[in-house]
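Grab a pencil and have the structure open beside you. Try each exercise yourself before reading its solution.

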Amino acid sequence: MNEKDRLSEQPDPNAAELARQLHQHLDSLRAAGIYWLPVSREPAAPAAEGEKPTAQQLPLFAASDAAAPPAPDDREQRRRELALLAERVAGCQRCTELVVSRSRTVFGVGPIDAELCFIGEAPGATEDQRGEPFVGEAGQLLDRIIAACGMRREEVYICNIVKCRPPGNRLPTAQEAGNCREYLERQLELVRPKFICALGACAAQNLLGTSQSIGKLRGRFHDYKGIPVMCTYHPAFLLPGRSPHKKREVWEDMKKLLQRMGRPVPGR
Ligand code: SF4
């Protein structure tokens with residue numbers, strides 16, 4: 001065997017790394033509820049004038065310096081665009097530090113047209129491992145809050161301000177939140193929730209573009225592009241060892257939200 005043959009039989013470290021990244025990418029998409037991808041050997045040709053574009057031709061966004069096109073009315077088309085958006089997010093490299101600290105992106109879970117969307121700040125360690133938001137200890141508490149409201153986790157949409165885990169679970173920086181804003185806005189346009197619940201100061205301040213404290217923001221409705229937003233404390237803040245006594249205030253906030261949604265308010 002000559003030197004060339006010997007080298008060609010050795011595993012290519014770049015290929016192994018590429019395979020690892022591809023696995024993580026697919027795991028992230030699966031966690032976001034995406035089980036298929038459009039396949040094409042050739043880049044799709046642009047749609048002819050007057051012709052309806054195919055899924056492969058649908059742009060996720062217009063050029064970054066132009067406004068994104070309005071989200072389509074058709075539910076299936078929005079679901080496809082959301083899948084393509086999750087795919088784009090999975091390959092995003094905008095935040096240098098987060099790209100290094102994340103195992104995978106955590107896009108979001110839930111159905112298109114979910115009535116209610118919960119937004120947190122960023123994935124934690126468990127979320128980063130599983131590719132799904134709010135699945136750690138705080139997520140289990142969120143599940144109990146959702147259940148206490150008479151809903152199921154599967155019927156609400158859940159996502160974060162940033163889609164990658166910050167190192168050491170620090171808060172996302174303003175720059176990182178700004179980098180990810182385009183994804184969040186499009187995600188909300190495509191899912192079209194009728195109500196939003198912002199969990200914690202970071203989510204509430206970034207979503208609403210304010211520096212007011214969560215103590216001042218919580219307990220009343222705000223507006224995000226015509227969608228009523230209730231702000232409340234992050235479930236992680238309510239865990240033992242932090243401020244479990246704030247659960248009562250969260251419950252008050254959730255009752256106000258349920259009332260505005262026209263749903264039964266437990267205990268009333
Ligand atoms: S946080 Fe958002 S903008 Fe930053 S790298 Fe992750 S997906 Fe990209």
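**Exercise 1.** Find which residues Leu171 touches, not counting residues up to four places away in sequence, and decide whether Leu171 is buried, exposed or partly exposed.

*Solution.* Keep in mind that this is a predicted model.
- Step 1: locate the residue. Leu171 sits in the loop between β2 and α7.
- Step 2: list the contacts. Leaving out residues up to four places away in sequence, Leu171 touches Glu121, Pro166 and Cys202.
- Step 3: look at one of these partners along the chain. Glu121 is 50 residues apart from Leu171, yet their C-alpha atoms are separated by 7.5 Å.
- Step 4: count neighbours. Leu171 has 15 other C-beta atoms within 10 Å. Buried needs 20 or more, and exposed needs 12 or fewer, so Leu171 is partly exposed.

**Exercise 2.** Work out where Asn169 and Lys225 sit, what their phi angles are, and how exposed each one is.

*Solution.* Take them one at a time.
- Step 1: Asn169 is found in the loop between β2 and α7. Its phi is positive, about 60°, although Asn169 is not a glycine.
- Step 2: with 14 other C-beta atoms within 10 Å, Asn169 comes out as partly exposed.
- Step 3: now go to the loop between β4 and β5 (227–232), where Lys225 lies. Lys225 isn't a glycine either, and its phi is positive at about 50°.
- Step 4: Lys225 has 9 C-beta neighbours inside 10 Å. The limit for exposed is 12 or fewer, so Lys225 counts as exposed.

**Exercise 3.** Check the span of helix α7 (residues 174–191) against the expected value, then find where α7 bends.

*Solution.*
- Step 1: count residues. α7 has 18 of them.
- Step 2: compare spans. At 1.5 Å a residue you'd expect 26 Å, and the distance from the first C-alpha of α7 to its last is 24 Å, which is close.
- Step 3: look for the bend. α7 bends at Cys180, by about 45°.
- Step 4: see what comes next. α7 is followed by Arg192, which has a positive phi near 60°.
- Step 5: pick out the buried side of the story. Among the buried residues of α7 are Cys180, Tyr183, Leu184, Gln187 and Leu190. The buried residues of α7 pack against α3 (75–90), α4 (96–101), β1 (116–120), β2 (157–160) and α8 (201–208).

**Exercise 4.** Describe how α3 and α7 pack: what is the angle between their axes, and within what distance do the axes come?

*Solution.* Two packed helices are described by the angle between their axes and the distance between the axes.
- Step 1: check α3 on its own. Its 16 residues should span 22 Å at 1.5 Å a residue, and its end C-alpha atoms are 23 Å apart, so the two values agree.
- Step 2: read off the geometry. The axes of α3 and α7 cross at roughly 160° and come within 9 Å.
- Step 3: interpret the angle. Angles over 145 degrees count as roughly antiparallel, and α3 and α7 are therefore roughly antiparallel to each other.
- Step 4: give the handedness. The crossing of α3 past α7 is left-handed.
- Step 5: name the residues. α3 makes the contact with Arg78, Glu81, Leu82, Leu85 and Val89, while α7 uses Tyr183, Arg186, Gln187, Leu190 and Val191.
- Step 6: look at burial in α3. Its buried residues include Glu81, Leu82, Leu85 and Val89.

**Exercise 5.** Place Arg75 and His222, and list what each one touches, not counting residues up to four places away in sequence.

*Solution.*
- Step 1: Arg75 belongs to helix α3. With 13 C-beta neighbours inside 10 Å, Arg75 counts as partly exposed.
- Step 2: outside its own stretch of up to four places, Arg75 touches Ile112 and Asp113. The C-alpha atoms of Arg75 and Leu190 are separated by 8.7 Å, though these residues are 115 residues apart along the chain.
- Step 3: His222 is in strand β4 (residues 221–224). With 17 other C-beta atoms within 10 Å, His222 is partly exposed.
- Step 4: by the same sequence rule, His222 touches Leu208, Leu217, Val229 and Cys231. His222 and Leu208 are 14 residues apart along the chain, with their C-alpha atoms separated by 7.8 Å.

How values were computed
Residues are numbered from 1 along each chain as its sequence is written. This is a predicted model: local features need pLDDT of at least 70, side-chain atom pairs count only at pLDDT 80 or more; totals for chains, interfaces and linings use all residues. Helices (H or I, at least four residues) and strands (E, at least two) are DSSP runs, numbered from the N terminus. The expected span of a helix is 1.5 Å times one less than its number of residues. The bend at a residue is the angle between axes fitted to the seven residues ending there and the seven starting there. Two residues are in contact if their C-beta atoms, placed from the backbone, lie within 7 Å. Axes are lines fitted to C-alpha atoms, for helices over the stretch in contact, and angles run from 0 to 180 degrees between N-to-C directions. Angles under 35 degrees count as roughly parallel, over 145 as roughly antiparallel, 65 to 115 as roughly perpendicular and the rest as oblique. A crossing is left-handed if the near helix is turned anticlockwise from the far one by less than a right angle, and right-handed if clockwise.
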